[in-house]
Amino acid sequence: MGSSGRRERRGVGMTPVENYIRRRLQRKRLLLMTHAIVGYPSFEANMAMLEAMQKADVDLVELQLPFSEPIADGPVFVHANQCALEAGVAWKNYFAFMQRVTVAFDFKVLMMGYYNSILQMGHERFCACLAEHGGDGFIAADLPPEEADDLHQYAAAYQQAPIVMMTPVNSEPRLQQIAAKASGFVYCVARRGVTGRQTQVDENLEAFIERCRSATSLPLALGFGLRTHQDLQRVKGLVDIGIIGTALLTAWEQGGVERYSTLLQDLTSAAM
Amino acid sequence: MYAELFQFPVGREGYYGQFGGAFIPEILHETIRELTAAFNDAQADPAFWDAYVALMSSYSCRPTPLTHLENLSKDLGGAQIYVKREDLNHTGAHKVNNVMGQGLLVQRMGKQRVIAETGAGQHGVATATMAARMGFECTIYMGSVDVERQRPNVFWMEQLGAQVVSVDDGTKTLKDAINATLRDWADSMHTTHYVMGTVCGPHPFPQMVTYFQSLIGREARLQMLEQTGKLPKRVYACVGGGSNASGIFAGFLDDADVELVGVEAGGLGLDSGQHAARLARNVGSTGVAQGYKTRFLQNAEGQMRPTHSVSAGLDYVGVGPVLAHLHDIGRIRVEAATDADVLASLQHVMRREGIIPALESTHAFVAALKEAPHLSSQDSILINQSGRGDKDIFTIAEALGDAPWRAFLRQKVGEWEAAAAANDGVSA
């Protein structure tokens, strides 16, 4: 069943982001996806972060659209979401910023956020908006695959990759079900819990990635709790993309652009 | 109608019309699946319901009585007013029904820890009580604004052995406590059960909490028939998340002639923007947050709006998806009562009937007392008094500007501080 699902997917055609990832993987063993919450601590600070990402040759960037109820996020991101909203970040300035970023930089940009924003915007309008402002896909943290069909149809029409998540607690049939809705790449959640806490890279993680590999032929990204050069060293060869979120924002909060850039350089050197 | 509500077509599990569902991070999927299976299994076992009813009769004064408000009925000259006394439950509110039921389910699932959100603190106290009684570890999440205005409940939760976590995110109220509890659960679900306090959140919570709270409606329907020989014309209940309303309405959903009236928190008035009404006058709009789809108080971009109510328990942005659906199809009518009307009705009810409803429950009294005079004295109406008001003494005394109470607090604080200073002096 899994393999026929995969054939079907190929029939639909690869999304631009999958193409891009496969191309990059020919010259790098591990790609890097980083994250910024748009408007936190400010648009200018975001620009400085993104410049550092470009310099460090980051491959993909999630731009988080702030939401008042971010249930999948840990304390650092919850606080950032709230501050961005208090500063008045709305769709209009979010997408204007996305446009600025996709014009200025080489990495691919994905929207990250929560389903209510997409629902209020309307499925088609949201996908059209992403395409118009240079985005290549989206991650909706609280949208289960059984609710995704309508949105994913529009995503395909606008060449946007809807990124779905696989987790260590999913059963095999569930992994198959998720794989059937996947395109672009699959976001593998390294552990239970929310964003922002340390993850052990161990044999359990390897077994989990093995199970994801047998469910899908798409590239695999691993996130939740990767923080250091050593973490990335350990997942190199295991997955195709390492995702770093909270560790970077914490670096910014502790030491501004300098500490941020240093961590980024350190992380990319592990990915080489 | 009641039974049909919970018979889901394939692929629409947990949906009531367009509302409900389970919008959760994937990490929670298997846990929700496990809970749904355990609940379905328990529901299919008649011994489970019997054990639940037996527990509630020996531990929480069930069946709670039905009281005829003879004085107010006479004063108003309209319908005979009856009150279902959920305030006489152990811990002082209907919350304990749901909590003890979920406790029995936790025992069936073999988990050792429970977590819960709380707004007014009633659900937190009930959960801490259940955890103490059944031997579970317990953590309660509560918005820091609510911690401040409901200190007595925080005190009791801690005395009962629960850890109370004050949540400083967002608006620091119930919705933020729910988010924090969901985050804990995403990490701890292999050992921990989330005791959702109301008919909200992802499927199966709306169904499960309605199931346990339906005990209120089942009892009340029988009691009305026994005491008045007929069904009430109308049933009134306050609606925050909606668990006490869902519970009492459940008993009358199949009686098409019984009108069901939900009363939301009108705060400073629906036009003020300072309220927590979602269904009344269709103020809320369809959205997805906290794991489910319903009518939320949100802005055009789906960000939740701040809510206001004199009662912490109704101060919430969402509403149970079952109630949102019943409102959509016209089975329930939803009104709103302002803070000012609530305080006036509370005083009225205390003086004339000697009962003290919680601020939450008083919302239902406001609508009922307003409408009673327009009905015949041959008719009866039923109010669900979901909780008792003594917990609100600080809020009510402040709202009424009670000078002796203020002097008393000042004196108490003075005594404490003097005693502490004397102790410091001794130890120095």
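**Exercise 1. How many residues does the contact take from chain B, and how many from chain A?**

Solution. The model is predicted.

Step 1. Count each side with the contact criterion, C-beta atoms within 7 Å. Chain A contributes 29 residues and chain B contributes 26.

Step 2. Assign the chain B side to secondary structure. Two or more residues each come from α2 (29–43), α9 and β11 (285–289) of chain B.

Step 3. Rank the contributions. With 6 residues, α9(B) gives the most to the side of chain B that touches chain A.

Step 4. Sort that side by class. It has 7 charged, 8 polar and 11 nonpolar residues.

**Exercise 2. Describe how domain 1 and domain 2 of chain B are placed and how they touch.**

Solution.

Step 1. Take the bounds from the domain assignment. Domain 1 of chain B covers 21–57 + 94–206, and domain 2 covers 63–92 + 214–395.

Step 2. Compare the C-alpha centres. Those of domain 1 and domain 2 of chain B are 23 Å apart.

Step 3. Count the contacting residues. On the domain 1 side of chain B there are 34, in contact with 36 residues of domain 2.

Step 4. Locate the domain 1 side in the secondary structure. The elements giving two or more residues to it are α5 (95–109), α6 (122–134), α7 (144–149), α8 (151–159) and α9 (174–188) of chain B. The largest share, 5 residues, belongs to α9(B).

Step 5. Sort by class. The side of domain 1 of chain B that touches domain 2 has 4 charged, 14 polar and 16 nonpolar residues.

**Exercise 3. Work out the strand order of the open sheet of 4 strands in chain B, and place α9(B) against these strands.**

Solution.

Step 1. Write down the order. The open sheet runs β7-β6-β5-β8 (chain B), and the pairing is parallel.

Step 2. Find the edges. β7 (163–167) and β8 (192–194) of chain B each pair on one side only, which makes them the edge strands.

Step 3. Give the twist. Neighbouring strands of the sheet are turned by 20 degrees against each other on average, direction ignored.

Step 4. Examine one pair. Strand β5 (residues 113–118) of chain B is joined to β8(B) by 3 bridges, and the two run parallel. Opposite B:Ile115 stands B:Tyr194 in β8(B).

Step 5. Add the helix. α9(B) lies across β5, β6 (137–143), β7 and β8 of chain B, at about 160 degrees to β5(B).

Step 6. Link back to the earlier exercises. α9(B) also gives 6 residues to the side of chain B that touches chain A, and 5 residues to the side of domain 1 of chain B that touches domain 2.

Notes
Residues numbered from 1 in each chain as written. Chains lettered and ligands numbered in written order. Predicted model: local features only at pLDDT ≥ 70, side-chain atom pairs only at ≥ 80, totals over all residues. Domains from an automatic or database assignment. Contact = placed C-beta atoms within 7 Å. Nonpolar A, V, L, I, M, F, W, Y, C, P; charged D, E, K, R; others polar. Pairing = 2+ DSSP bridges. Axes fitted to C-alpha atoms, helices over the stretch in contact; angles between N-to-C directions.
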